[in-house]
Each structure stands twice: as C-alpha cells, then as structure tokens.
Amino acid sequence: MTEIRHWAAVIAEDALSSYENNTISTGITPSGHIHIGNMREVVTADAIYKSVVSLAPGSDTKFYYIADNFDPLRKVYPFLDKDEYEDHVGKPLSEIPCPCGKHSNYSDHFLDPFLESMKRLGIHPEVIKIDELYKNGFFKDIIVLSLQKRDEIAAILQEVSGRETADDWSPFNPICESCGKINTTTVKSFDADKYTVDYSCSCGQSGTVSMIGGGKLTWRVEWPAKWALLGVT
C-alpha cells in the first residue's frame, strides 16, 4: 500500500538532508490590499517551517517574512485618490504617505492588518521590512558586487528570459534626489570604495546617491541577494 505523506514533510526532509539548519523565507510587496492568494504563500512557508521544526526540534530553524516595501508604486490603483497619489507613482512604498493617515507610511497601511491576520492564524515569522535593510547598509557590499558583475548578470537574464537587456540596464536603481522616484533613473557610474552611485533621472536631475538607502537592487537581482545574505535554504 502506498504511503501517503504530507507535502510539507517531504520538503522538510529534503531540506534537512541538505542542511542541518534551515532558513525559510517568504514575503510580498505591500502595494495594496493583501488578499487570500497572498496568504497562501505564507501558509505554504509556515507549513514547511513547522515540519522542519517537528522533524529536527534541536536545529536552528529560521522563518522570515520579508515585506518588500522599498519597491516602487507602479500605478494609481482604483482604491487610491488619483489627485493625491499620481505624483507618488514610481516612489518606494515606504516613502509614500499612508492613505488613511493612521500608519507611518503607505506600505504599513496594507502590511499591518496582514501581520495581525497571521498572528490570529498562529503564524509567527520574523518580520523584516526591506527598506530598513537598505538603509542600514545590509545590502551595500552585494550592491557593489552586482554593479561589478553587471554584464554577467545581464547575460544570465537574457539567457533565462530570452529578452535582450537594455544597454543602460543596471542591477541597482537609484532614488532621484529631486522627484523621489526609483524607476526613472539611470546609473552612470559608481564608486565601490565610497559606496556611491552617479545617476541621471528623466526629470532632469543628475547627482550622486549612497548605496546605503539611496536606491535598491532590481527585483530579479534582489531575490538571490536576499537568499545569499539571509542564508535562505
């Protein structure tokens, strides 16, 4: 008779066969109301985490929920006031005002209720807000590495996606000091010793920003950077 096993236990056993201590990571960009489909991802990660802990209770098992709140606002969603938020499109979510005025910023307006829902379901990851990691320098050395390996990364992206990478593509997106937007800038050069990036913006601004809080990695580079720095298995 075929043994029926829970999928989370299968994944947990596979993880433990490769690593004594495991780190599980999940997350989302809190750009709007976080719905049941987003909860599915968290429940999946939590099931794996609890299975690993159950199979290896003495191991050092970590579970991170990463709020990608440094991503840009992509458009004025139907639930937003167009007059109020049109100028904020392209800015990092953590740097945009809260829609109701009761939270510290735009992303927390949507994130806080979701975190409360996780608690009610008995899901207790370590919550990481990624804007804080950028602002405290957590990514600075891997930003340098990404800029130094720009051509190699571009070649990988082209091979995987089948689409050519633009000549001015960069793995790092600076935040314009004038308009505050992160998706309208172009990297011109960088200083690995000073952790700075020279850029120009479509708004007409040119300048220099720090790699510590002055921008972020593009998401296709940011994901493996998070895995590497947080030790995600």
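**Exercise 1. The largest pocket**

Determine the volume of the largest pocket in this predicted model, and state which residues lie nearest its centre.

*Solution.* The volume of the largest pocket in the predicted model comes to about 440 Å³. Its lining consists of 24 residues, and those nearest the centre are Trp169, Ser170, Asn173, Thr218 and Arg220. Two or more lining residues are given by each of helix H7 (150-161), strand S4 (172-174), strand S5 (185-191) and helix H8 (219-230). Sorted by residue class, the lining divides into 8 nonpolar, 9 polar and 7 charged residues.

**Exercise 2. Two tryptophans in helix H8**

Classify the ring pair of Trp223 and Trp227, and decide whether Trp223 is buried, partly exposed or exposed.

*Solution.* Trp223 and Trp227 both belong to helix H8, where they are 4 residues apart, about one turn of the helix. To describe a pair of aromatic rings, one takes the distance of the centres and the angle of the planes. For Trp223 and Trp227 the centres are 6.1 Å apart and the planes stand at 45°, so the pair is tilted. Because its relative accessibility is 24%, Trp223 counts as partly exposed, and Trp227, at 43% relative accessibility, also counts as partly exposed. A further step concerns the charge on Lys226, whose charged end sits over the ring of Trp223 at 3.5 Å from the ring centre.

**Exercise 3. Other aromatic contacts**

Find how many aromatic pairs the model contains, and describe the geometry of the pair formed by Tyr134 and Phe139.

*Solution.* The count comes to 10 aromatic pairs. In the pair of Tyr134 and Phe139, the distance is 4.3 Å centre to centre with 20° between the planes, and this pair is stacked; both of these residues are buried. Elsewhere, ring pairs link Tyr77, Phe79, Tyr85, Tyr106 and Phe110 into a cluster. The ring of Tyr195 has the charged end of Lys140 over it, 5.5 Å from the ring centre.

**Exercise 4. The buried side of helix H4**

Identify the buried residues of helix H4 (residues 106-120), and name elements that cover them.

*Solution.* In helix H4 the buried residues are Tyr106, Ser107, Asp108, His109, Phe110, Leu111, Phe114, Leu115 and Met118. Of these, Tyr106 and Phe110 also take part in the ring cluster with Tyr77, Phe79 and Tyr85. The cover over the buried residues of H4 includes helix H2 (36-55), strand S2 (62-67), helix H3 (82-85) and strand S3 (126-129). Following H4 comes Gly122, which has a positive phi, near 80°.

Methods:
Residues are numbered from 1 along each chain as its sequence is written. This is a predicted model: local features need pLDDT of at least 70, side-chain atom pairs count only at pLDDT 80 or more; totals for chains, interfaces and linings use all residues. Side-chain values use heavy atoms; hydrogens and water are left out. Buried means under 20% relative accessible area, exposed over 50%, partly exposed in between (1.4 Å probe, protein chains only). Contact means heavy atoms within 4.5 Å. On a 1 Å grid over the protein atoms alone, a cavity is a set of points where a 1.4 Å probe fits but cannot get out, and a pocket is an open set with protein on both sides within 12 Å along at least five of seven lines; lining residues have an atom within 4 Å of a point. Grid points are joined across faces, edges and corners, and a volume is the space filled by probe spheres set on the points. Ala, Val, Leu, Ile, Met, Phe, Trp, Tyr, Cys and Pro count as nonpolar, Asp, Glu, Lys and Arg as charged, and the others, Gly among them, as polar. Rings of Phe, Tyr and Trp (its six-membered ring) pair if their centres lie within 6.5 Å; planes under 30 degrees apart count as stacked, over 60 as edge-to-face and the rest as tilted. A charge sits over a ring if NZ of Lys or CZ of Arg is within 6 Å of the ring centre and within 35 degrees of the ring normal.
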